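Colleague: Put the model up and let's go through it piece by piece.

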Amino acid sequence: MHTWAADLMSAIDPNSGEAEVFARIAAAAHALGFEQCAFGMRIPLPVTNPKFMLLNNYSQEWQERYHDAGYVRIDPTVLHGRTSQAPLVWSDQVFGSAQQLWSEAQSVGLRHGWCQSNLDVFGVTSMLTLSRSCEAITARELAGNQMKMCWLVSIAHMALGRLIKPKLYGDNAIELTSRETEVLKWTADGKTASEIGDILSISIDTVNFHIKNVITKMNTPNKATAAIRALALGLLS
C-alpha cells in the first residue's frame, strides 16, 4: 500500500506533463489488476455544447471507432457519470441501451470494467474507467480495492485536471484585478450596477468600466457569461 500510494502521489508533481501523469495513473490501475485505463474531463462551458477531452490507452482501432461512431453521446457509463458519482461496474444490464457499443467493446477486449466520476465545485466533471479483457470484477475484489480505486479517481481529477482544464477553457492566462473580482462576484450574485456601486462605494460608471474590462478579458458577450466562466475557472473563489 505504501509503495502504491507513494508512486501515485508523484502524479501530482506540478512539473509533470500530461502524458507522464496519465502513465502514472495507468500504472497504478495496472497494479490493481486492470489492463486499460481511460480518463475523460468535461467542463460546463459552453452550456449548450460543453467541451470535453478523453485520454486512454485503448487500441488505436477502438479509439477511432468510438470517436467516429459518436459513442460518447450514448455510452451508458458516461451518462451515469454525469448524474452520479457512485461507482459503476460494467454489466449487460448497464449497456442494455447500447448493445452495439457493448458488442464492439467486448470484441476488442473491453469486457470487464469499473468507473466513477468526480464533480468539483466549479462544475467540472471527470470520470476514470478501469477495464480488462478477462476475469470478472468480484465483490471480494471490490471490498479489497475499492478504496484505492476511488482514491485513484480523485488523484486523476486533481492531477490531470490541472493540465487539461486550461486547454479546454483556452484562457488560463486571465488575470483579474481585485476590484474586477469584487464587481464580478456581486454580478454573479445578481446585483445591478447601481447596487454594486452602493456596496463598493463607487460610481455606476466605474462599475460598468470594470465590467467592460472583465468582459474583454474573459472574451465573453456579456457580464452574465463572464461571471459563469470566471466561476468555472475558479477566479472568484
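Colleague: Which residue just after α5 takes a positive phi?

Modeller: Gly 109, with a phi of about 95 degrees. Before we go on: this is a predicted model, with pLDDT of at least 70 required for local features and 80 or more for side-chain atom pairs, while totals for chains, interfaces and linings use all residues. Residues are numbered from 1 along each chain as its sequence is written, and side-chain values use heavy atoms, leaving out hydrogens and water.

Colleague: How are helices and strands assigned?

Modeller: They are DSSP runs numbered from the N terminus: H or I over at least four residues for a helix, E over at least two for a strand. On that basis the chain comes to ten helices and five strands.

Colleague: Back to α5. Which of its residues are buried?

Modeller: α5 covers residues 99–107, and its buried residues are Leu 101, Trp 102, Glu 104 and Ala 105. Buried is under 20% relative accessible area, exposed is over 50% and partly exposed is in between, with a 1.4 Å probe and protein chains only.

Colleague: What do those buried residues pack against?

Modeller: Against α3, residues 60–68, and α4, residues 76–83. Contact here means heavy atoms within 4.5 Å.

Colleague: Now the sheet. What order do the strands come in?

Modeller: β2-β1-β5-β4-β3, an open sheet of five strands with antiparallel pairing. The edges are β2 (52–56) and β3 (88–89), each of which pairs on one side only. Two strands pair if DSSP finds at least two bridges between them.

Colleague: How many bridges join β3 to β4?

Modeller: Two, with β3 and β4 (residues 112–119) running antiparallel. Leu 88 has Cys 115 in β4 as its bridge partner.

Colleague: And how many between β1 and β5?

Modeller: Seven, again in the antiparallel sense. Cys 37, for instance, stands opposite Leu 130 in β5. On the β2 side, β1 is joined by five bridges, also antiparallel, and Gly 40 has Leu 54 in β2 as its bridge partner.

Colleague: How many residues of β1 are buried?

Modeller: Six of its seven, so β1 is mostly covered.

Colleague: Which strands does α2 lie across?

Modeller: α2, residues 18–31, lies across β1 (36–42), β2 and β5 (125–132), at about 130 degrees to β1. α4 lies across β1, β3, β4 and β5, and runs at about 140 degrees to β5. Those angles run from 0 to 180 degrees between N-to-C directions, on axes fitted as lines to C-alpha atoms, for helices over the stretch in contact.

Colleague: Change of topic. Is Arg 132 buried or exposed?

Modeller: Arg 132 lies in strand β5, and its relative accessibility is 6%, so it counts as buried.

Colleague: What does the side chain of Arg 132 reach?

Modeller: The backbone oxygen of Glu 135, at 2.8 Å. The cut-off for a polar contact is a pair of N or O atoms within 3.5 Å; within protein one must be able to donate a hydrogen and the other to accept it, and residues adjacent in sequence count only if both atoms are side-chain atoms. Not counting residues up to four places away in sequence, Arg 132 touches a list of residues that includes Phe 34, Gln 36, His 112, Ile 137 and Glu 141. Gly 109, the residue with the positive phi just after α5, is also among those that Arg 132 touches.

Colleague: What is phi at Glu 135?

Modeller: Near 65 degrees, a positive value in a residue other than glycine. Glu 135 sits in the loop between β5 and α6 (139–169), and it counts as exposed because its relative accessibility is 59%.

Colleague: Where is Asn 219 found?

Modeller: In the loop between α9 (204–218) and α10 (223–233). Phi of Asn 219 is near 55 degrees, positive again in a residue other than glycine. At 65% relative accessibility, Asn 219 counts as exposed.

Colleague: One more residue: is Thr 125 buried or exposed?

Modeller: Buried, with a relative accessible area of 15%. Thr 125 is in strand β5. Leaving aside neighbours within four places in sequence, its contacts include Gly 40, Met 41, Gly 81 and Ser 117.

Colleague: Last thing, the chain overall. What percentage of its residues count as buried?

Modeller: 44% of the 237 residues. The C-alpha trace spans about 70 × 40 × 30 Å along its principal axes. Among contacts with a separation of 6 or more, 61% are between residues 24 or more positions apart.
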